[in-house]
Amino acid sequence: MSEQTTHATGAPVRIFDTTLRDGEQAPGISLDVKEKLEIAEQLGRLGVDIIEGGFPITSQGDFDAVKAIAETVGAQPLAQGADQPPVIAALARCHPDDIKRAADAVGPAQHGRIHVFLSTSEIHRHVLHHGASEDEIVAQAVEGIQRAREFTDDVEFSPQDATRTDDEFLKRIVDAAVEAGATTVNIPDTVGYAIPHDFGATIGDIVRRVGPEVAVSVHCHNDLGLAVANSIEAVRHGATQVEVAVNGIGERAGNCSLEEVVMALATREDVLGRRSRVRTREIGRASRLVSTLTGYPVQFNKAVVGKNAFAHESGIHQHGVLQDRLTYEIMSAEDVGLEGRQIVLGKHSGRHAFSAQLEEMGYDLTAEETKRAFERFKELADKKVEVTDADLEALVADEVFAYTEEAFELDRLEVTGGTVSQPEATVVVRRTADASIHEETATGDGMVDAACGAIRQAVRPWVGATPTLVNFNVAAVTKGIDALGDVTVQVEVDDQRYTGRAVSTDVVEASARAFLAALNKSMRLQRARDDAARSPMDTP
Ligand SMILES: CC(=O)SCCNC(=O)CCNC(=O)[C@H](O)C(C)(C)COP(=O)(O)OP(=O)(O)OC[C@H]1O[C@@H](n2cnc3c(N)ncnc32)[C@H](O)[C@@H]1OP(=O)(O)O
Ligand SMILES: CC(C)C(=O)C(=O)O
C-alpha cells in the first residue's frame with residue numbers, strides 16, 4: 001500500500017454536492033428553477049458544505065436556478081446547528097463569458113465559488129481543444145483562474161480527465177493552477193478509469209505538493225463501480241473534499257454517491273479517522289426528493305437508501321436481527337432517515353419472524369393456531385414473492401378464526417379448459433372423520449363452476465340436498481399480479497344459507513376452498529341442530 005499522508009487527518013471531509021450540475025447531466029434529467037431550488041433547500045438541511053447549482057452559461061433557466069439558490073440557500077444556514085450557509089458554486093469553461101455568467105449567478109451567495117475546468121489528457125486535448133499543446137492548455141487554465149479570481153477569492157480548478165493525463169503534465173498544471181490563484185484543486189476521474197490503489201497514491205502526491213493552504217478535491221465517476229472506493233482512498237491520502245451526487249446520479253454510470261461516502265465515513269471513522277458534517281438523518285428525504293424530481297428510481301439493493309438496505313427476508317437473518325439488529329446491520333435505518341428495520345415475510349422466513357410479526361399486529365394465537373397459520377403462510381409464500389400484513393390478516397382470518405373442525409378438506413384441485421374447450425375440474429377431497437379420499441370430476445360454465453360441481457359430487461353422500469352456490473364475491477387483498485384473492489360465497493343447502501370464505505393467490509382455488517368451507521359450516525350447524533333435537537331437555 002502506498003504511503004498515507006497525515007495531512008488534515010481528523011478535520012471533517014468537505015462534501016461538495018453536484019447533484020444539480022453533474023447529476024442533472026444524466027440522460028433524461030432536466031430540472032427547472034423551482035425543482036432545483038427545492039433540492040438545494042434539502043441539500044442545505046442536509047448540511048453539505050458546497051452546492052454546485054449548475055453551469056450558468058448552459059441556459060437562462062440554469063443561470064436563474066443558480067442565482068435563486070445563491071439568494072436563498074446561499075444566504076442563511078438551513079442545517080440545524082450550522083453557523084454558515086453552504087458555499088454556492090457554478091461551473092464555467094475557461095471562457096470569459098462562462099466565467100462572467102457563473103460569477104453573476106453565485107454573486108448573491110454569502111460564499112460564492114467559481115469552478116473552472118479544462119481538459120488535460122491527450123485524447124481530450126486532441127478532441128475537445130483542437131489539438132491544443134500542453135503549453136496552450138496551461139496558459140488557458142491560468143487565464144481562466146485569474147479571471148475568476150477577479151470575481152471571488154474562492155476558485156476551484158479541475159483538470160478534466162485527470163486520471164488519463166500524463167503524470168508530469170498533471171503536476172505541472174496543478175502547480176500552475178495554484179500559482180494562478182486556485183484555492184481548490186479538484187482531480188476528476190472523469191471517465192471512472194481510476195483504481196483505488198493508484199488513485200490514492202496520485203492524490204497523496206498532490207496533497208503533499210500543494211500544501212495545507214489549498215484544498216484537494218476528488219470527483220469520481222462510477223463507470224467501473226469504483227467511485228466510492230476511489231473517493232474513500234483519496235480521503236485516506238489527504239483529500240479534503242469529495243464531490244458527490246445524491247443517489248449517485250450523473251453522467252453515464254453516475255457520480256460518487258453522497259449517501260455512500262457519507263455513511264462510509266460515519267460508519268468506519270474507526271479506520272478512516274474523518275467524518276463529514278452532513279446530518280445523516282436528512283439522507284432519506286434527500287434521496288426520495290431527488291428520485292421523485294429527476295424520475296430516476298433508486299434500485300432496490302442500493303446501499304444506504306435502497307428499499308432493501310435495511311430489510312431482512314431470510315429466517316436466519318430475521319431470527320438474528322429480532323434479538324439484536326447489529327447481527328446483520330452495520331448502520332441503523334433511523335440514522336439515515338429511513339423507516340426502521342424491516343422484516344419482510346417471504347418464502348425464506350422462519351417461525352421466529354412469523355410469530356413476531358403476528359404479535360406486532362396484535363394477534364394472540366395459541367401454539368397450535370400459529371403452527372397452522374405458519375403452514376398456510378409457507379404455502380402462500382411459495383406462490384407470492386412478499387407476504388404483506390394485509391395478506392397475513394386474510395390468512396389468519398381464514399385459517400385461524402374461520403377454522404372449525406372440518407368435515408372435508410381439499411387435498412387437490414386440477415382445472416383445465418378455456419375459451420374453446422369446456423372447463424373441467426377434478427377435486428380430491430378428504431373426509432376428516434375416517435380420512436377417506438374422494439375424487440370427482442365435473443364440467444361447468446366456468447372453472448369456478450366446474451370446481452364447485454366436482455366438490456358437490458364428492459360430498460354428495462354426506463350432504464343431504466344438492467348445495468347451490470347463490471352468492472359469489474371476489475376481492476383482491478393486496479395489489480399486484482400475485483395479489484391474494486379473497487373469495488366469499490353463500491351456499492344454499494335445504495333452504496338454509498351458509499357463508500364460506502377463503503384466500504389464495506389462485507381465485508379458482510380460493511373459490512373451491514370457500515365453497516367447501518360453506519359446506520363444512522352447513523354440516524356443523526346441521527349436526528348442532530341434530531344434537532339439540534336429541535337433547536334430553538327437549539325430551540318430554
Ligand atoms: C465532464 C463534464 O461534466 S464537463 C461539463 C459538461 N456539461 C455540459 O456540457 C452541459 C452544458 N453544455 C452546454 O449547454 C453546451 O455544451 C455549452 C453551452 C457549454 C457550449 O455549447 P456550444 O457553444 O454549442 O459548444 P459545444 O457544446 O458544441 O462544444 C463545446 C465547445 O466548448 C469548448 N470547450 C470544452 N471544454 C472547454 C473548457 N473547459 N474550456 C474552454 N472551452 C471548452 C470546446 O472546444 C468546444 O469549442 P468549439 O465550439 O470552439 O469547438
Ligand atoms: C467538470 C469536471 C469536474 C467533471 O464534471 C468531470 O470531470 O467529470
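Me: UniProt positions here use this numbering, with feature names shortened, and annotations may be inferred rather than shown by experiment. Which residues does UniProt list for "binding site"?

Reply: Bear in mind that this is a predicted model, where local features need pLDDT of at least 70, side-chain atom pairs count only at pLDDT 80 or more, and totals for chains, interfaces and linings use all residues. Residues are numbered from 1 along each chain as its sequence is written, and chains are lettered from A and ligands numbered from 1 in the order written. The "binding site" listing comes from an unreviewed UniProt entry, and it names Asp22, His219, His221 and Asn255.

Me: How far apart do the C-alpha atoms of those four get at most?

Reply: In sequence, Asp22, His219, His221 and Asn255 span 234 residues. In space they gather at one spot, because no two of their C-alpha atoms are further apart than 10.1 Å.

Me: And between which two elements does His221 sit?

Reply: Helices (H or I, at least four residues) and strands (E, at least two) are DSSP runs, numbered from the N terminus. His221 falls in a loop, and the elements on its two sides are β7 (215–220) and α8 (227–236).

Me: Which strands each supply at least two residues of the shell around ligand 2?

Reply: A residue is in the shell if its C-beta atom, placed from the backbone, lies within 6 Å of the ligand. Around ligand 2 that gives Asp22, Phe117, Ser158, Gln160, Asn186, Pro188, Thr190, His219 and His221. Asp22, His219 and His221 are also in the UniProt listing. The strands that each bring at least two residues are β5 (155–160) and β6 (184–189).

Me: Which residues come nearest to ligand 1?

Reply: The shell of ligand 1 has 15 residues. One of those nearest is Phe117, which also borders ligand 2. The full set of nearest residues is Thr58, Arg93, Cys94, Phe117 and Leu118.

Me: On to the sheet with β14, β15 and β16: which strands stand at the edges?

Reply: The three strands run in the order β14-β15-β16 in an open, antiparallel sheet. Each edge strand has a single partner, so one of its sides has no neighbour in the sheet. Those strands are β14 (468–476) and β16 (496–504).

Me: How many bridges link β15 and β16?

Reply: Two strands pair if DSSP finds at least two bridges between them. In this antiparallel pairing, Glu492 stands opposite Arg497 in β16. For β15 (residues 485–493) with β16, the number of bridges is nine.
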